Amino acid sequence: MTSVLAQLLGPGLVITDGAWGTQLQAQGLQPGECPDGWNLTHPDRVRQVAQSYVDAGSSVILTNTFRSNRITLAGHGLADRVEEINRAGVAISRSAAGARARVFASMGPTGKMLMMGEVTEEEVFAAFAEQAAALHAADALVLETMTDLEEARIAVRAAKTTGLPVIASMVFDSGKDKDRTMMGSTPEEVAGVLAEAGADVIGANCGLGMEDYIPVAQRLRAATSLPVWIKPNAGLPELVDGHIVYRTTSAEFARLAGGLKDAGVAFVGGCCGTSPAFVRALHAALLA
Amino acid sequence: MEDLKKLYDAILTGNFKIARETTQQALAAGIDPQALVQQQMIPAMDEVGRRYEANEYFVPELLISARAMKASLELIRPLLAAKGAEPAGRVVIGTVKGDLHDIGKNLVAAMLEGAGFEVIDLGVDVSPEKFIAALNERHATLVAMSALLTTTMNSMKTTVEAIKAAGVRQKVKIMIGGAPVTQKYADEIGADGYSNNANAAVALARKLVAA
């Protein structure tokens, strides 16, 4: 195991952070506006989100760089800003984290489908390798919310070119038992393929709430000797009077997270609908 | 007929080369194109849908079958059009204003094409005005809107309102989909239907155009 991960992973589990998008909206991000662009235009507000997670007790915080690969940024007219946006993202999270938290840089999917021929394998590899290189000042790279195992495999190979530890995390929300990725891969297939591609940590995030991710976590744990990373949503979104509401409370989320601890998960945090309050509740429930 | 079963199998297994070849051979042998569609191709796509619902097929299988269906339909459609046959329906599809996510929208578009619909794909970040212009110009009877983000799904509401304000609401059916979308939301904004996956979207589209 790489030294950064070895230092973090003691006997207990590691609490990561929660959602960024909703926190940025609370800071005034408009619908349809590219959150990552804020690394250049509103670094102070992005820093406040990072700081809120450090203050809540996150040992690992991510970066506001989820969409900052060339293919996705092109849709926002920012394809020529890849390096700047990613470097700024790491610098912002690092300034908030200081010595109190590690900075793992976020890399999301391209949003294009390989099997439809919308992008080629070479283009995807180049886009992720370019982003990963621009994120080199982070402590690790997190490939998250991946829906296509083939794209995730390419992303792992690209991220590994930096020499940084790589966490590879996919969404499991499909099939009647909600235990497959969008493209139909099982936790066992995901663990096998991503470990072989060189991932240092295998994970699951987004798509499902805490309760539904416990069986997925157990299966990932059984399928690999690598550490497991899990970030569920605060349940599924509901629309109430025109506003989006996630029903799961921080207390309930943290209580159910005991199941992840029992499953032997190494890294626990939250995805959509979670906030610094969820991180504080995880602390109280899992590390007390 | 044994050879025609090959077309059914090619679509079911997503082999677009065999689908195209078999279609060419059948047409050269004088088989009625309408019969090919009704007796082999649509039943094959129905079986694809059944397997998807049964967890035997996932998105990749849906996609390759839809692609095989499309390859075959491209040969057949001109013949049907020459006979005056209309497509199953004419759909204007797009991801709504402010939203750049197109995977779900592309899946639904591919499945609708596979089901014999004429699909007018407006892409992503589509404004209400663009939807309305396309509806009018292409005489579509169905609008399909997609949104991935909770922050952009409100654009579905404004698009429905704009379609009403433009006076064309009674000419079209509106269907919506995407991760945050629910039946309740569809009801709230006055859409005619909602589907939570690309396969069910085809059944919904058929139902709406038949209504």
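Four bridges tie strand E4 (residues 140-146) of chain A to strand E5 (residues 166-170) of chain A, and the two run parallel. This is a predicted model, where local features need pLDDT of at least 70, side-chain atom pairs count only at pLDDT 80 or more, and totals for chains, interfaces and linings use all residues. Residues are numbered from 1 along each chain as its sequence is written, while chains are lettered from A and ligands numbered from 1 in the order in which they are written.

**The sheet of chain A**
- Leu143(A) sits opposite Ala168(A) in E5(A).
- The wider picture is an open sheet of eight strands in the order E1-E10-E7-E6-E5-E4-E3-E2 (chain A), with parallel pairing; two strands pair if DSSP finds at least two bridges between them.
- Strand E1 (14-15) and strand E2 (60-61) of chain A are at the edges with a single partner strand each, so one side of each has no neighbour in the sheet.
- Helices (H or I, at least four residues) and strands (E, at least two) are DSSP runs, numbered from the N terminus.

**Helices on the sheet**
- Helix H8 (residues 149-160) of chain A packs on the sheet and touches strand E3 (102-107), E4 and E5 of chain A, its direction making about 170 degrees with that of E4(A).
- Helix H10 (residues 210-223) of chain A lies across strand E6 (201-209) and strand E7 (228-233) of chain A, at about 160 degrees to E6(A).
- For these angles, axes are lines fitted to C-alpha atoms, for helices over the stretch in contact, and the angles run from 0 to 180 degrees between N-to-C directions.

**Where the chains meet**
- 18 residues of chain A are in contact with 18 residues of chain B (C-beta atoms, placed from the backbone, within 7 Å).
- The chain A side of this splits into nine nonpolar, seven polar and two charged residues (nonpolar: Ala, Val, Leu, Ile, Met, Phe, Trp, Tyr, Cys and Pro; charged: Asp, Glu, Lys and Arg; polar: the others, Gly among them).

**Chain B and its domains**
- Chain B has nine helices and five strands.
- Chain B is divided into domain 1 (2-82) and domain 2 (90-210), with bounds from an automatic or database domain assignment.
- Between these two domains of chain B, 13 residues of domain 1 are in contact with 10 residues of domain 2.
- On the domain 1 side, helix H3 (33-53) and helix H4 (59-82) of chain B are the elements giving two or more residues, and H4(B) gives the most, with eight residues.
- That side of domain 1 of chain B comes to nine nonpolar, two polar and two charged residues.
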